[in-house]
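Dear colleague,

Please find the structure and its sequence below. I would be grateful if you could read the notes that accompany them.

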Amino acid sequence: MFSQYRGFIHRFVSLGALLFAATSVSAKPIVQDAEFYILKAQHGDSWAKQDDELNQKLAALKEKFGTPPNIVHIMWDDTPMGEVGIPELQKLRGFSTPNINQLAAEGMNFLRMYTEPSCTQSRAAVLTGRHPIRNGMTQVGFPYEYGGLRKDEVTMAEVLGKAGYATAFYGKAHLGDIEQSYMNKQGFDEAVWEPYNQFPVIYGPQAEIAGGVLPTSTNPEIYPEDPYDMDKGWRTLGHVAVMEGKKGGPVRELVQPGDLPGWYKNMEDNKTRTLSFIDKNIEEKKPFYIAYWPELIAFVPFPERKTLSGGFLQEGLARFDPFVGQLMTHLKANGIAENTLVILMADNGPMTHNGPPGMVETLYRGGKGDYLEGGIRVPAMAWWPGMIEAGQTPGDIIHETDLFTTFAHIAGAQKYIPRDRIIDGIDQTSLLLNGDSFSRRDYVHIYTGETYAATVKGRFKRRWVGDLPGLSGASFYDLYNDTREVQPKMLPGFTTKGMFNSMRARHEIWMEKYPNKKMAYGLPFTNIENARPETIKASQPRFDKNEVPFDIEKVLKKTGDYGIIEADWGI
């Protein structure tokens, strides 16, 4: 499709890489997506001057507090842009989050934060600074996944840990069920995490009966004997809902599937763990990085209502909101608010396709899993008293992978970012500290699973899927004048056709130089210290390799390729 552009662009990208490599012989530069070099060629000199000023600010802050800044990153599920941080809209929605709104008012409330379209993809993107297409984390994980985040991926915890940070993970990881994907093996000093999402709460007998859930594969004992159920070992009967472990230490089961009281207790305990980890490192005078990715709901209705909306999401947000106020108060009371960056955000848009009540399109069309703005544009805010000026609503584009490189910059840990792979995240320290119009990104590549679905460049967007044959690519949108993407413009949009083609060609050519990898694969839940008998059984092959004529290991490897659910592009 892009063959007519490839020769020129290949030479351009290669020349650009050589030019920028030559600027720093002693320090090999980070390899960015090809589009970044187009921007750097035009703005590199001004960015270098900005960086000098930014580094002076960060050095003064470090001298004042004795450590580089602390970082707390809070990310929850499935929330549409506009649902939090804008009190006026909440009045129309029948609920309120006064503490989250206060944090947004005291800091920076992003208007164009882009994410990946679903949970696993977003979480992998944040931790690695890379689009999940690059490491195979493209599908939402469910039991059994037989796979997860590769051990050779370099996570934010590993980067900051090398710079002397204490690191902790609490909440929903959703990055796999194999041992190398365990959070305590991905750089975190201590971790309490869910290998999947909230759904394991309904995978127990009580929830399946009380919640009115249709039959799952996990509780055959509550049904009469099925005379046609021949392969009883096929069922997923030994997965784990919550796990815990410390770096270099054993891993334990903490909450089992179907344990609703245990699940909700762990949700509350993670709030306490977060504050305790802060206190511990204040006492030890050590900078800290906390990835606190809370579960707001458990897909089992709350027994009482705290909102007029009554939706699952709104009920969860209202219950989580007080902790945000508690966190801000805690940081201020301990005198470290000025030395702590707090980021709040959602991981993707609302679960509008077959989701629970309350998942709606607040502003943009589409939801979780979509390439539409509603699926990938989320509420996000940054709070850093004394460093981020209050009351800002920047219209700049920022992508969640940018947190990886931005955190590394403010932590003085850029030298630990790997140079042997593409890092999609762009350093956005200038946006945080200088404000509106200081982003270093004007583009977004949008994948749904492994499909390259759309591209954003400034105000314009092109969809690569769903075009009518013969119209030479008619799906062009002006996001300023068509925020809900319902009026594709063919003739006006054709002026951007060649530019979008070149942009995609650059992106794909760079992938040829730095090929994508698949996710890691294997048997789930190995080496758990307190594993139940059914968990141990799940961690072992179902058959002796001599009992079947096929290669069991090859089957496991291939299994990850079949987690793909083809998207419905007829939106």
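The notes below cover helix packing, aromatic pairs and cavities.

This is a predicted model, in which local features need pLDDT of at least 70 and side-chain atom pairs count only at pLDDT 80 or more, while totals for chains, interfaces and linings use all residues. Residues are numbered from 1 along each chain as its sequence is written, and side-chain values use heavy atoms, without hydrogens and water.

Helix H4 (residues 98–106) packs against helix H9 (residues 312–333) at an angle of about 50°, the axes being 6 Å apart. Helices (H or I, at least four residues) and strands (E, at least two) are DSSP runs numbered from the N terminus; axes are lines fitted to C-alpha atoms over the stretch in contact, with angles from 0 to 180 degrees between N-to-C directions. H4 and H9 are therefore oblique to each other (neither under 35 degrees, nor over 145, nor 65 to 115). In this contact (heavy atoms within 4.5 Å), H4 contributes Pro98, Asn99, Ile100, Gln102, Leu103 and Glu106, and H9 contributes Asp321, Pro322, Val324, Gly325, Met328 and Lys332.

There are 20 aromatic pairs (Phe, Tyr or Trp rings, the six-membered one for Trp, with centres within 6.5 Å; planes under 30 degrees apart are stacked, over 60 edge-to-face, the rest tilted). Among them, Trp76 and Phe320 are tilted, at 6.1 Å centre to centre and 55° between the planes. Trp76 belongs to strand E2 (residues 70–76) and Phe320 to helix H9, so this pair ties together parts 244 residues apart in sequence.

Three cavities of 30 Å³ or more were counted (sets of points on a 1 Å grid over the protein atoms alone where a 1.4 Å probe fits but cannot get out). The largest has a volume of about 50 Å³, volume being the space filled by probe spheres set on the points, which are joined across faces, edges and corners.

Yours sincerely

Key:
1 Å grid on protein atoms, 1.4 Å probe; cavity = no way out; pocket = protein on both sides within 12 Å on 5 of 7 lines; lining within 4 Å.
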